[in-house]
Amino acid sequence: MFVLLYVTKATMLMFEEYLSEIGLTKVQIDVYKYILAFPGTNITEISEKLHINRSHLYAISKKLLELELIYEDFASKMYLYPADVGEV
């Protein structure tokens, strides 16, 4: 299910500040926001859209997985999804 939300700039800044406070870097935050916007994306897609090399993205996804912000699905490739809001 995809839900479109209107987010103000102030709300987004508060969200990014929170992510920074829990230890995410700017690049990690950008990747997490991309996964939130495009659930089910994979490393190759993120790499192409955000211009980040894939080896760096694997390290970023590992950090996001450790923080339980995302989960992965290994159907045939590694697909990344935001964690359930109720779980975070």
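Okay, let's start with the order of things: reading along the sequence, you get the pattern α-α-β-α-α-β-β. That comes to four helices and three strands for the chain. One thing to keep in mind from the start: this is a predicted model.

A couple of overall figures before we zoom in. The chain has 88 residues, and 28% of them count as buried. And if you take the contacts between residues at least 6 apart in sequence, 43% of those join residues at least 24 apart.

So, the sheet. The three strands make an open sheet, and the order across it is 1-3-2, with antiparallel pairing. Which strands stand at the edges? Those are strand 1, residues 41-42, and strand 2, residues 70-73. Each has a single partner strand, so one side of each is left without a neighbour in the sheet. Let's look at one of those pairings. Strand 1 and strand 3, which is residues 79-82, run antiparallel and are joined by two bridges. If you want a spot to click on, Thr41 stands opposite Leu80 in strand 3.

Now for what packs on that sheet. Helix 2, residues 26-37, touches strand 1, strand 2 and strand 3. Its direction makes about 90 degrees with that of strand 3. Then there's helix 4, residues 54-66, which also packs on the sheet, touching strand 2 and strand 3. Here the angle is about 115 degrees, taken against the direction of strand 2.

How do these two helices sit against each other? Helix 2 and helix 4 pack at an angle of about 75 degrees, and their axes are 10 Å apart. Angles from 65 to 115 degrees count as roughly perpendicular, and that is therefore the label for helix 2 and helix 4. On the helix 2 side, the residues involved are Val27, Gln28, Val31, Tyr32 and Ile35, and they meet His56, Leu57, Ile60, Lys63 and Leu64 in helix 4. Sorted by class, that contact has seven nonpolar residues, two polar and one charged.

While we're in helix 4, have a look at Ser61, which is found there. Is Ser61 buried or exposed? Buried: its relative accessible area is 4%, and the cut-off for buried is under 20%. Leaving out residues up to four places away in sequence, Ser61 touches Ile43, Ile70, Met78 and Leu80. You've met Leu80 already, as the residue opposite Thr41.

Last stop, the aromatics. How many aromatic pairs does a search of the whole structure find? Three, and I'll show you two of the pairs. One is Tyr34 with Phe38, and that pair is tilted, 4.7 Å centre to centre with 40 degrees between the planes. The two partners come out with separate labels: Tyr34 counts as buried at 13% relative accessibility, while Phe38, at 45%, counts as partly exposed.

The other pair is Tyr71 with Tyr81. The ring centres are 5.2 Å apart and the planes are at 15 degrees, so this pair is stacked. It links distant parts of the chain, with Tyr71 in strand 2 and Tyr81 in strand 3, 10 residues apart. As for exposure, Tyr71 is partly exposed, with a relative accessible area of 43%, and Tyr81 counts as partly exposed at 24%.

That's the tour, thanks for listening!

Note on methods. Residues numbered from 1 in each chain as written. Predicted model: local features only at pLDDT ≥ 70, side-chain atom pairs only at ≥ 80, totals over all residues. Heavy atoms only, no water. Pairing = 2+ DSSP bridges. Contact = heavy atoms within 4.5 Å. Axes fitted to C-alpha atoms, helices over the stretch in contact; angles between N-to-C directions. Parallel < 35°, antiparallel > 145°, perpendicular 65-115°, else oblique. Nonpolar A, V, L, I, M, F, W, Y, C, P; charged D, E, K, R; others polar. Phe/Tyr/Trp six-rings, centres within 6.5 Å; stacked < 30°, edge-to-face > 60°. Buried < 20%, exposed > 50% of the residue type's maximum accessible area, 1.4 Å probe, protein only.
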